[in-house]
Structure formats: structure tokens, C-alpha cells
Protein chains: 10
Amino acid sequence: MPTRPSKTLETFPNPHPDRDYEIELTCPEFTTLCPLTGQPDFATFTITYTPGPRCVELKSLKLYLWSYRDEGHFHEDVTNIVLDDLVAALDPRRIAVEAVFNVRGGIRTVVRASYP
Amino acid sequence: MPTRPSKTLETFPNPHPDRDYEIELTCPEFTTLCPLTGQPDFATFTITYTPGPRCVELKSLKLYLWSYRDEGHFHEDVTNIVLDDLVAALDPRRIAVEAVFNVRGGIRTVVRASYP
Amino acid sequence: MPTRPSKTLETFPNPHPDRDYEIELTCPEFTTLCPLTGQPDFATFTITYTPGPRCVELKSLKLYLWSYRDEGHFHEDVTNIVLDDLVAALDPRRIAVEAVFNVRGGIRTVVRASYP
Amino acid sequence: MPTRPSKTLETFPNPHPDRDYEIELTCPEFTTLCPLTGQPDFATFTITYTPGPRCVELKSLKLYLWSYRDEGHFHEDVTNIVLDDLVAALDPRRIAVEAVFNVRGGIRTVVRASYP
Amino acid sequence: MPTRPSKTLETFPNPHPDRDYEIELTCPEFTTLCPLTGQPDFATFTITYTPGPRCVELKSLKLYLWSYRDEGHFHEDVTNIVLDDLVAALDPRRIAVEAVFNVRGGIRTVVRASYP
Amino acid sequence: MPTRPSKTLETFPNPHPDRDYEIELTCPEFTTLCPLTGQPDFATFTITYTPGPRCVELKSLKLYLWSYRDEGHFHEDVTNIVLDDLVAALDPRRIAVEAVFNVRGGIRTVVRASYP
Amino acid sequence: MPTRPSKTLETFPNPHPDRDYEIELTCPEFTTLCPLTGQPDFATFTITYTPGPRCVELKSLKLYLWSYRDEGHFHEDVTNIVLDDLVAALDPRRIAVEAVFNVRGGIRTVVRASYP
Amino acid sequence: MPTRPSKTLETFPNPHPDRDYEIELTCPEFTTLCPLTGQPDFATFTITYTPGPRCVELKSLKLYLWSYRDEGHFHEDVTNIVLDDLVAALDPRRIAVEAVFNVRGGIRTVVRASYP
Amino acid sequence: MPTRPSKTLETFPNPHPDRDYEIELTCPEFTTLCPLTGQPDFATFTITYTPGPRCVELKSLKLYLWSYRDEGHFHEDVTNIVLDDLVAALDPRRIAVEAVFNVRGGIRTVVRASYP
Amino acid sequence: MPTRPSKTLETFPNPHPDRDYEIELTCPEFTTLCPLTGQPDFATFTITYTPGPRCVELKSLKLYLWSYRDEGHFHEDVTNIVLDDLVAALDPRRIAVEAVFNVRGGIRTVVRASYP
């Protein structure tokens, strides 16, 4: 049975919870729709976090990012929503999300948000 | 009213039909679904053609490539279908399509087809 | 009806006003005229800001940068004017503008200004 | 007195008319307007020719390319017009023009034309 | 149940058997053992072929390349064996295999073989 | 007799124990198995440390990294284990380990851990 | 009448004297002579300054750098002299000069000096 | 006693006169003066030749290129003169000269000439 | 007992003598002495050959290249000697040697020779 | 008479002793022997210092680095020895030495040491 997009971020226990270390995940296959025109937008997301009690499971993150494919979102907003969802699921010590959107109207947009 | 994906390739008359010249269009925003797993695939299409009576209109090409977003296609097949559709719409003197698909299972796939 | 260049920077409410996050906009299509010789100058502008109450709307920014096309401006001056206009329109928490001008007389010029 | 854009291509006698040699000129500062929307387009032109009786004078070429700044032209058309004008002015043994236009609608366009 | 390495190359029917087109597969994750020292070697394989009746299935190719992980092979030999196996499984119109091996003793080795 | 993989990290006395200096070792040939699927994973390890009483011997480090070839390890875990083993063997003044894993499911993972 | 090299650095009033902003000028066309052998040396100068009351005029800077063409100077010395002359002419808030000299005897030299 | 620029190209006997092999010399330190404005021009010369009876001596080539430093030459002309001088001095089986001149007026010029 | 430089090129039987395939070996660690000044020269050798009856053994090639370390050789000559020695040892179907020497006197030299 | 390798570092008086400025010297032509196997090692040295009373003379530095060609040294040790010798000869305000050694056993080593 094929997998499906999902908003659920699955996690697993941090195998080294006593150490302050960093995980960086780069996902060049993010796509969503423009809420005004309905046209596709494309971005590369880079998620960098220091895990607290739990780490994000890679396949679940892929499905989570896939879940934006048929939704409408503005650049600035969706980057912050991804950050909020990751904070809620992982309770990380610290986390940063960077989204590099493809050129539109001759302008490239990058949005960077972090917690705390 | 927002634009919508469409299989129709609009064209305009070649402004210099007497000359054998070349147009190269690079479209890094192609995405379709895997027919087996339903998961998204991503590719960069490069279309290089010598126009015959007509040239492809840029916005229409964008909508045409968008039309694959919710369909299921194999790499080898979709590259040839895009080529066939462009040949039918443009009747070009010659044309080549190259599709560079993102890594899957540690392997990057490129498909190249041309006419005649 | 075709769009036209305009000095007006349109904005929209910051969707996440409680968070200190960053937006970076890269615009390689800036051109203006030299006030002394009347000849065209070309630059890439990179605008990086942390939004306060409002974000700049992308299409409006494109039209704003376009408005310099037929005006005469010195490198050092125009970079600061763009910064001033963005500060006035956005009231950002902080903002930086970098303009990389094409080589003239064998010399490449970069101007960087920031607020506050 | 400032220089002005001009359609006239000035030339000088080929200093080595007996030899079949090549001159390549790369001009990243070409801009024109879209005839449909009036918005600016940007391109890098590369002109490669084997001179016949005459060579193109560099400053005059700069003014010639500048002359497109306030005119409306389609990508495919303007590349061929530049080629035609250079052929008329230079009577070269052979010449090729390549124009790389900036991304529009997520698609980058390159047009290549040559003579004879 | 986890997948396992396998020498079997699975194939599927060429969806466009009437056209002479090209498929290029890049696999940077090849590793085998040196027959003399038992130490690991690493290579990037690039397989470029024009399919005849059948195409190679991507996951099966991954498992096939994996099957060399615990075997001992010399650079020159293993490249030719991979080519032979692909020819036997696919009966391609033409095929080329390039293997770029990591530096050993300060020397980088590339082996390139093709059929017919 | 061929060498064999080994968990033992051999060391030699720091030739300049009075100075606080840095050694950076980049090892692009790390491979291990996924504990869930049994499939190979690949990574580039970069180890940067300021030696205390002892330095790690290069050939021994190669054998140590080789020892993971037939074991099953998660990305986050194995990076921390390598760090722990190096700390135990070297008693360094400070040390950082960065592991860049190949793309899986369209996502590239980097893990960075350091001591103290 | 052709222009001539000159030691005079012309300046113009800083158009935004109240703001602390940065101007970076990159000049890859610096050449001077070795005082020992008389042979030409070549360098790329990068000048980065925060203007005080005045900015350096671009053409005058080009002529100033040209003035070293027939003089003999050591790498370390000429970089500091250029810095001193710019400080005297501009009274900048701060300024840095970096000169990257071409390889001589297999060694590339970079000199970096700053004020205050 | 310091060396001096010289138009004389010294040569030595081709050590393998029976073989058709190639020597490529890249010289990024060419500078001359514009005959109209007197201002310096800069270029990288690449000389590729198959020696006949004699090869060019490297230091002599350096002094030869240096000899253009205080002379006035147009781009197209000087490239052909360098070719003519090398042909006269070396009697090569074949030779090509490429000169890449720095940007002037926003345009980069490359001149390529060859013999026979 | 440590290995020593040696002029002997060891070979092994070509494992696929019936196929016309290519082996490329890149060796960035070649050094020899200038016969005139006694000073070290450095080069990267790339050897590309189609084996006949035998292939060159990698470690032996390393020792062979090492053997030039304390000898005096001119650029043009040593490249041809390496080619001659490889032809004598391997009897290849065809072979090419390219040597890229480091900059001397501001000039980079590449020598390329091939057989037959 | 040819020059010879020498351990002596010649110096000249700092022409701007009152200013705290930086000199960076990059030397890609360092080679020494492995004390265990006798085989050649290769490295690029980058020396960055702020001169005190004296600067290092370039040709003398070249001869000094050459003096390691026939000696046996470990990576970690030789980097520190070079630093010690430069400190003794120059009495610099501060100095850093970075040595990037070529890949051995699939591992690249960088050593960085500084004073004070």
C-alpha cells in the first residue's frame, strides 16, 4: 500500500540525551501552492536542531513536508509553521529553519526562523 | 481568477522562420508522482529545439509542466511523453528533451530523448 | 493592462509578529542611470530584514526597484535611499541592504548599509 | 556631453584580414521590455564572430545594446535582430549570437542564432 | 523483512521501444573489497544506455551494486563485469559504464567500458 | 596477511604537548548498515581535535572506521559513539565530529557532536 | 586628450554622512615593478571603508592605482602606502586594504592592513 | 643586474621532434596600453602549440610578453602579432593563441587566432 | 622495510583483453628537479590508456613516478619519457599522457603527448 | 650556480613597524618523506602573520620549505617545527601555520598551529 502525506511528525528517543549536539536536515523537495494564484512554489528547507528528549524520524519528516503539496501557503508563514510543528513534536534545546524559495518575479526569497 | 494546470501547449508564429536557430528552455520545477508508491518525484527539464513554423509560449509551457503535478508517471515514460507533446504542438525542425530526476535510493536518473 | 514602475512599497501584516525571524530577498535585476554620463548601471540588491509589524509584498518590491530604471543615481546614494524607503514602509526590527554593482573602469563596487 | 543609446554599429578595418580568427564579446548588461506586459527583461549576450573586412568597435556595441533599453522585444525576435544588424554592419565570415535571459515563470530561456 | 543484496537485475519493458533515447544512472555508493589486502574500495558508477526491449529497474540496480560490498574485485575487472551483466539483462542498443574510484596511493583511477 | 577492521584506536605521543594546536581529519569513506532495513548508509566524517597527551594514528583510524562496515547503526547514534571512542582513546583538550550522510528519501543528514 | 596616471585621489561629499555604512571596491588590475629585479608584479586590491566626510571618486581611484605601474615597490610596503594615502584623502571612520599578489617562486602573498 | 623586457623569443631544440605532441602555456600577466586613451589593458594569454624543430624557452616568453607593457595595441591586433612572432620563432606544426581581455564598458573580449 | 622509488613498471594481464576500454589514472604528486637551477618542479600527471595485453599495477606506477624526485628533467622531455616508458611496459592499444606543471615565472605549462 | 635548500630564514625590516597588519603566504609545493615508510608526502602550507620587527624574505622561505624534501617528518610534528622556526626568525606579533596534507589511506589531514 503506498505511503501518504501526513501532518504527523514521528519521533524516536534521543540516543545521547546528555550531550548538546546538532542535527542538520536538508530537504530540497518542498513544494506548496501560492494562496493567491494557486500556482506551485518550490523551496529547499534546512532544519538544524539540538535534540532534547526526542529526534525526528526521517521518513516521517519526508511525509510531513509532502503534506504541504496541495495546500496554499505564503513563504513567510509556512516557514514559521514548520518551525512551530517541529518545536511541538521535538521539544528541542534549540532549532532553526531556513527555507530558500525559487525565484519569482526576478527575486529569490529566503526565510529564516529559530527557537528559542 | 487563478491560473490552472493545462495539457494545452500554446504557440506563436516563429518570428524568423527562414533561419535555423535554437531555443533552450530550462525548467527546474517539474514534479510528478511515482505510479507505484504515490510519492512525489522531482526533475529539471531542459528543452532545446529549432523552431519550425511555431514557438512554444512560455507561460503555457509552465502550465503544461504543472499539469503533471497530480499524475503518476515513470521517469522514462514521462520524458518521452513531454517530447511527443512538444513535437505535436510545434512541428519543430529538431528537438531534444533532457530530464534530470532527484536522487532515489542513492541513484540519480537522467533521461534524454530527441526528435527526429 | 501592463504593470508600471512605482515608488510605492506595498506591505502585508507580519504573520508571526511575536517571533524575531529573518527574510532575505535577492534581486539581481536592478538598473539605473549614471547621473554624470547618463549610461546604465547594473546591480544585484540583497535585502535582509527582521520584520516588525509588516512584511514587504514581493511584486511591489519588484515594481519599486524597477522605478529606478530611468532615474540617475550614484551607487553610494541609491543604496541608502533604498534602505531609507524600506525602513519607512516596514518599520523593521532591523534591516540590511547590500548592492553589488557591475565592474566600471576595472573596479567592482559593493555598498552595504543597515538599520538601526 | 553624455553619450546616448544608438542603433549605429561603428566598425574599424580588420587589422589581419588574411587570417581566419575569432572574436568573442560577452555583454551581461542587456535589458529590454516585454512587449506584452511592459516589464523589464534581462539577458547576457555572447557574440562570437570571424571578422571579414571590418571589426565592431566596442563602445559602439555598448551603445547599440543600450538602445534596446526602452523598446519592447520578444526573446526569440531580439536575438535574431541583433544577429541581423551585426551581419549587416560587419559582413563577417561567420557569426553566432547567444542570449541567456533571466528566469521568468520558473523557466530560463536561451536563444542561439548564427550566420551563415 | 529487510531487503538483501542480489546479483539479479530486474527489468521492465521499454515504454518507448521505437525511439533511440538515453538513460543515465549515477550511483555514488558503490563499494567492494580489494582482493589483495581485503580493504574497502569506493567508487561512483555512471551507467548510460539506450534501451532496447527492456529498462533496468532502479531498486534492483541498487541491490545489484550492493552485492559487491563483501566481494573482492579489482578496479578494471569489476567495471567490465558490471557492463557484461547489464548487457546480458537489458540487451541495450548501446551502453557505457564509467567507474570513478577514490584515491589510493595518491592516484585516482577511472575505468570506462562500453558496448558494442 | 591482509589488514582487518578493528575497534582499537592506536595513538602516539603528542610531539608538541605544550601547544594548543588543531588536527583535522576528513574521511569520506565511512559506511555502515541501517539497523531497520539492513541497507548500506554512507557518510563523510570530519574529526577536528586539539590533542592532549596523544594523537590518533592514521592507519588505525582507517581500520576503526572500517569496523562499522558490517554493523547496524543509526546516524545520530554512530556519530556520538565515534566521538566517545575518540575521547576515550585520546583524552583530547577538545574535539568535534561531523558526519555528512548521503541523501535518503530526498533528505541529507548532518550530525555534529563535540567534547567537552 | 588621453587620461594619465596620477597620485591625486579625488573625493566627493558622503551623501549619507549620518549613517555608518560600508563601501567595498575590488580592483584586479594593479601592477607595479619589483624594486630588486625590475620585473612586473600583479595584484588584486580590495578596499573596504566606512566613509566619514568624503567618498573616493571611482575614476580617480583607477588613475591612482595606475600610478604604481612604472614604480618599484615591495608587496608589504605598497599595501600600507595605499592605505595611508586613502586615510589621508578620505578621513574614513574605518578602512581596510587587502592586496592579493600573483604567485612568485611558488608562493602567493596576501597583505592586509587596516585603520584605525 | 635586473632582467629587461625584450622582443626576442629564445628557443631550444624540441627534445622529441618525431612525435606530434602539444604544449600549452597560460600567462595571466599580460598588460598593454590602449592606443586611443593610453590607459592600461589586461589579458590572460593561452598559447597552445605542437612543436616543430624548436620549443619556446619559458623565461624568454615571459620577457617577450612583458615587452608589451609600455606599448599601445588594440586587442584584435596584438593577439595576431603574438601569434605571428611565435610562428616566426618556432616554425611550429600548429599553434593557437587565445587572449581573454578584462571587462571594458561592461563587455569582455576574447580573441582567438591560430596557424596554419 | 620501506619501499623505494623504482623505474620498473610492473603490470598484470588485462582481465578483459577482448574489449576496447579505457583506464584513466590521475597522479597529482609528481615532482622532479629543474636541470638548470636544481630547484623542485611539481606537476599533476593524467595517464589515459586502452590496455592491450597488460595493465599497469597502481603501486608500481606510484614508485615509478616517485623515481623522478631526485632527477633533473625539463617539462617537455619528462612527459614524453613517461609516455615512452608506459608504451614499452604496456604495449597499449592507445595511450595519452598530460602533465600540468605549477606556475613558474607567472606561466603555467601543460604538456600533452599520445601514442600512437 | 644553482640555489640550494637551506634551513636559514632570511628576513628584512618591517617597513611599517608601527601598524598591526597581516601577511599571508600560501605555499602549495611542500613535500617531505614519511619517517616510517620513506615515501613522499605532499602538503600546502599557509602562513599568516602580523610582523613585529622583521618580515620573512620570500625566496628564503621557498628554500626553507624545500629543505624538508629529503628529510623524514610526521605531519603533526613538521607543522609545529615550521611554526617554531618562523617565530624564532621573525619574532612576530602573532602567527598561524596551516598545513593541508594530501589524502593517505582515504583520509585527508590538516594541522593548524599558532603563536602566541
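Strand S6 of chain G and strand S2 of chain J (residues 22-33) run antiparallel and are joined by five bridges. Strands here are DSSP runs of E with at least two residues, helices are runs of H or I with at least four, and both are numbered from the N terminus. Two strands count as a pair if DSSP finds at least two bridges between them.

Keep in mind that this is a predicted model, where local features need pLDDT of at least 70, side-chain atom pairs count only at pLDDT 80 or more, and totals for chains, interfaces and linings use all residues. Residues are numbered from 1 along each chain as its sequence is written, while chains are lettered from A and ligands numbered from 1 in the order in which they are written.

**Strands around chain J**
- Looking at the link between chains G and J, G:Val110 has J:Glu24 of S2(J) as its bridge partner.
- S2(J) also pairs inside its own chain: nine bridges join S2(J) to strand S3 of chain J (residues 40-50), and the two run antiparallel.
- Within that pairing, J:Thr26 sits opposite J:Thr46 of S3(J).
- The hairpin made by S2(J) and S3(J) has six residues between the strands, and J:Gly38 there has a positive phi near 75 degrees.
- As a bit of background, side chains in a regular strand alternate between the two faces of the sheet.

**Backbone oddities to look up**
- In chain D, the peptide bond from D:Tyr115 to D:Pro116 is cis, with omega near -5 degrees; D:Pro116 lies in the segment after strand S6 (107-115).
- Chain G has a cis peptide bond too, between G:Tyr115 and G:Pro116, with omega about -5 degrees, and G:Pro116 is in the segment after strand S6 (107-115) of that chain.
- A:Asp91 is not a glycine, yet its phi is positive, near 45 degrees; look for A:Asp91 in the loop between helix H2 (75-90) and strand S5 (94-104) of chain A.
- A:Asp91 counts as partly exposed because it has 13 C-beta neighbours inside 10 Å. The cut-offs for other C-beta atoms within 10 Å are 20 or more for buried, 12 or fewer for exposed, and in between for partly exposed, with C-beta atoms placed from the backbone.

**How the chains relate**
- A turn of 72 degrees and a shift of 0.0 Å along the axis lay chain J on chain F with an RMSD of 0.0 Å (a least-squares superposition on C-alpha atoms of residues with pLDDT of at least 70 in both copies).
- The two copies are therefore related as by a five-fold rotation axis.
- Chains D and F have no contact (C-beta atoms, placed from the backbone, within 7 Å), and their closest C-alpha atoms lie 21 Å apart.

Conventions:
Two residues are in contact if their C-beta atoms, placed from the backbone, lie within 7 Å.
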